[in-house]
Every structure is written in structure tokens, then in C-alpha cells.
Amino acid sequence: MTETPVIAPLKTKSVRFPAFALALAIGTVALAGPALAQSTVDEGRKLAFDRSKGNCLTCHVIKGGDLPGTIGPELVDIKSKYPKREDLVAILHDETQRNPLTVMPPFGRNRILTEKEINAVVDFLQTL
């Protein structure tokens, strides 16, 4: 009778990741979310109030804005008026798709604002 050789299990080195390092990594990611969101809201506000960029105040009353216009509706309670974020993005990108008679500039189509800038303005508008 032949004996079957016994193969010793492979020994692998275990890599230990210290618990505090893991906690630190998780904490950093958790803190980055709200901070990032707040920074896009701030950026969106700057763009909306910037007379050479978003220029929303030319036509709209916006809380905190100086010398607002009255051509467009007051921008209040936006999140309940436009619960779907993509609807608000589409309006900023090119409102003529929804309302061909609008006087609102097609910010995305005419490259007045980049996609990133439009998203920042939407972040801001959703706080109103």
C-alpha cells in the first residue's frame, strides 16, 4: 500500500490594519460628504449671484440677493416645486425645451455654465 503524502497548509502572513487607522479612514470619508455638499452649495450661491456668470438675480428674487429682478418667479421652496433634481438641471441647461417662449437663457446649451456649475447652482437652489 502506498502512502499519500500529506501537504502542509500554506502559511500566509496576515496583515493587520490597526483599528484606529480604520476608524480614522471611515471618519474622514464621513466628514468629506457634508463638507463637499456645503462647498457645492456655496459655489452654486456664488454662481447664482454673480452678474457675469449665473446672473439669476437679474430676473429672480432670491433670499440674500441684492437688487433682484422681477421678470421671473421668486426662487423659494424650490425642492418642493421641483422634487426631481433632473427637472431643475434640465431647466437650467435649456428651459426652451420645456417652454419655447421663455426668456431664460439656456445656460448649458449656450455654455454659459458648465455641467458642474449647473449642478452647483441646483444644489444651492434646493436649499431655498
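Is E117 buried or exposed? At 16% relative accessibility, E117 counts as buried, and this residue, which is found in helix α4, offers a convenient way into a predicted model whose secondary structure comes to 4 helices and 0 strands. Read along the sequence, the pattern is α-α-α-α, and buried residues make up 25% of the 128 residues in the chain. Among the contacts with a separation of 6 or more, 42% are between residues 24 or more positions apart. The points below take up helix α4, the salt bridges and the largest pocket in turn.

**E117 and its surroundings**

- Leaving aside neighbours within four places in sequence, E117 is in contact with L47, K53 and I112, and with one of these, K53, the side chain of E117 shares a polar contact of 3.4 Å.
- A polar atom of the E117 side chain also lies 2.8 Å from the backbone nitrogen of T114.
- The pairing of K53 with E117 is also a salt bridge, in which the closest N and O atoms are 3.4 Å apart; because K53 lies in the loop between α1 (19–49) and α2 whereas E117 belongs to helix α4, the pair ties together parts that are 64 residues apart in sequence.
- The two partners fall into separate accessibility classes, since K53, at 26% relative accessibility, counts as partly exposed, while E117, with a relative accessible area of 16%, is buried because the cut-off for that class is under 20%.

**Other residues of helix α4**

- K116 is likewise found in helix α4, but with 72% relative accessibility K116 counts as exposed, whereas E117 counts as buried at 16%.
- The C-alpha atoms of K116 and T40 are separated by 9.3 Å, although the two residues are 76 residues apart along the chain.
- T40 also appears in the surroundings of D123, a residue of helix α4 (residues 115–125), for the side chains of D123 and T40 make a polar contact of 2.8 Å.
- A further polar contact, again of 2.8 Å, runs from the side chain of D123 to the side chain of R85.
- When residues up to four places away in sequence are not counted, D123 touches T40, V41 and R85, so that two of the residues touched, T40 and R85, are also polar-contact partners of its side chain, given that a contact means heavy atoms within 4.5 Å and a polar contact a pair of N or O atoms within 3.5 Å.

**Salt bridges**

- The structure holds 4 salt bridges, including the one between K53 and E117 described above.
- Another is formed where the side chains of D94 and R109 meet, with an N to O distance of 3.2 Å; the pair links distant parts of the chain, D94 being in helix α3 and R109 in the loop between α3 and α4, 15 residues apart.
- Within this pair D94 counts as buried, at 6% relative accessibility, while R109, at 46%, counts as partly exposed.
- R98 and E95 form a further salt bridge, their closest N and O atoms lying 3.0 Å apart.
- Here the basic partner, R98, is exposed, with a relative accessible area of 53%, and E95 is buried, with a relative accessible area of 5%.

**The largest pocket**

- The largest pocket has a volume of about 510 Å³, and its lining consists of 27 residues, of which H60, P73, L75, I91 and M104 lie nearest the centre.
- The elements that give two or more residues to this lining are α2 (78–81) and α3 (85–94), and α3 gives the most, with 3 residues.
- By class, the lining of the largest pocket has 16 nonpolar, 7 polar and 4 charged residues.

Notes
Residues numbered from 1 in each chain as written. Predicted model: local features only at pLDDT ≥ 70, side-chain atom pairs only at ≥ 80, totals over all residues. Heavy atoms only, no water. 1 Å grid on protein atoms, 1.4 Å probe; cavity = no way out; pocket = protein on both sides within 12 Å on 5 of 7 lines; lining within 4 Å. Points joined across faces, edges and corners; volume = space filled by probe spheres on them. Nonpolar A, V, L, I, M, F, W, Y, C, P; charged D, E, K, R; others polar. Polar contact = N/O pair within 3.5 Å; in protein donor to acceptor, adjacent residues only side chain to side chain. Buried < 20%, exposed > 50% of the residue type's maximum accessible area, 1.4 Å probe, protein only.
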